[in-house]
Amino acid sequence: MPQPKYKISKQLLKSLKWELEKKVYYPINSKLDCNKVGELILKTTGKSVSESTLYRMLLRPDNQHSPYMHTLEILAVFLNYKNWFELENRLFELIQFQYTF
């Protein structure tokens with residue numbers, strides 16, 4: 001049975017990238033950066049997210065990637081959230097906050 005994919009808006013991906021950069025204390029601008037983040041995710045969570053998956057999600061110009069829910073769950077745990085939906089709600093709050101100014 002195929003894993004479920006999840007469509008994410010460009011705005012949400014931008015906020016997710018910002019949260020990841022905050023967590024790792026450096027900008028994510030290249031495949032090498034994605035590789036470093038992937039290694040940190042593995043060390044922290046014991047689960048892997050590949051360099052290419054992170055690159056497609058965060059840096060690919062068209063940003064038309066629909067990641068697997070499992071990947072989003074790993075990223076949420078890495079960012080100290082219980083699950084993807086909790087992280088997604090937080091990211092939406094941040095986006096709304098940005099629009100109030």
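In which helix does Leu75 lie? Leu75 lies in helix H4, and the close-up views described below, all drawn from a predicted model, include its surroundings.

**Figure 1. Leu75 in helix H4 of the predicted model.** Leu75 has a relative accessibility of 0% and therefore counts as buried, the limit being under 20%. When neighbours within four places in sequence are set aside, the contacts of Leu75 are Leu16, Leu20, Ile41, Leu54 and Met57. The C-alpha atom of Leu75 is separated by 17 Å from that of Lys10, a residue 65 positions away along the chain.

**Figure 2. The largest nonpolar core.** This core has 28 residues, and those that touch the most other members are Leu16, Leu20, Ile41, Leu54, Trp84 and Leu87. At least two core residues are supplied by each of helix H1 (10-24), helix H2 (31-45), helix H3 (51-58), helix H4 (69-78) and helix H5 (84-99). H4 provides the largest share of the core, with 6 residues. In soluble globular proteins, nonpolar side chains tend to be buried together. For Leu16, the contacts beyond four places in sequence are Met57, Leu75, Leu79, Leu87 and Leu91.

**Figure 3. Helix H1 and the residue that follows it.** The 15 residues of H1 should span 21 Å at 1.5 Å a residue, and the end C-alpha atoms of H1 are indeed 21 Å apart, so the expected and modelled spans agree. The buried residues in H1 are Leu12, Leu13, Ser15, Leu16, Lys17, Glu19, Leu20, Glu21 and Val24. Just after H1 comes Tyr25, with a positive phi of about 65°. Tyr25 adopts this positive phi although it is not a glycine. Tyr25 is placed in the loop between H1 and H2. With 75% relative accessibility, Tyr25 counts as exposed, because the threshold for that class is over 50%.

**Figure 4. Packing of helix H2 against helix H3.** The axes of H2 and H3 are 8 Å apart, and the two helices pack at an angle of about 120°. This angle makes H2 oblique to H3. The crossing of the two helices, H2 and H3, is right-handed. On the H2 side the contact is made by Lys31, Cys34, Asn35, Val37, Gly38 and Ile41, and on the H3 side by Glu51, Leu54 and Tyr55.

**Figure 5. Packing of helix H3 against helix H4.** H3 and H4 pack at an angle of about 90°, and their axes lie 12 Å apart. The two helices, H3 and H4, are therefore roughly perpendicular to each other, a term applied to angles of 65 to 115 degrees. Where they meet, H3 contributes Thr53, Leu54 and Met57, while H4 contributes Thr71, Leu72 and Leu75. Thr71, which lies in helix H4, is buried, with a relative accessible area of 11%. Beyond its neighbours within four places in sequence, Thr71 is in contact with Val49, Thr53 and Met57.

**Figure 6. Enclosure of helix H4 and the residue that follows it.** Of the 10 residues of H4, 7 are buried, so this helix is largely enclosed by the rest of the structure. The buried residues are Met69, Thr71, Leu72, Ile74, Leu75, Ala76 and Phe78. Asn80, just after H4, takes a positive phi of about 70°. As Asn80 is not a glycine, this view records a positive phi at a non-glycine position. Asn80 lies in the loop between H4 and H5. At 60% relative accessibility, Asn80 counts as exposed.

**Figure 7. Leu94 in helix H5.** Leu94 is buried, with a relative accessible area of 16%. Once neighbours within four places in sequence are set aside, Leu94 is in contact with Trp18 and Glu19. Leu94 and Leu12 are separated by 82 residues in sequence, and their C-alpha atoms are 9.6 Å apart in space.

Conventions
Residues numbered from 1 in each chain as written. Predicted model: local features only at pLDDT ≥ 70, side-chain atom pairs only at ≥ 80, totals over all residues. Heavy atoms only, no water. Core = buried A, V, L, I, M, F, W, Y, C linked by side-chain atoms within 4.5 Å. Buried < 20%, exposed > 50% of the residue type's maximum accessible area, 1.4 Å probe, protein only. Helix = DSSP H or I, 4+ residues; strand = E, 2+ residues; numbered from the N terminus. Contact = heavy atoms within 4.5 Å. Expected span 1.5 Å × (residues − 1). Axes fitted to C-alpha atoms, helices over the stretch in contact; angles between N-to-C directions. Parallel < 35°, antiparallel > 145°, perpendicular 65-115°, else oblique. Left-handed = near helix turned anticlockwise from the far one by under 90°.
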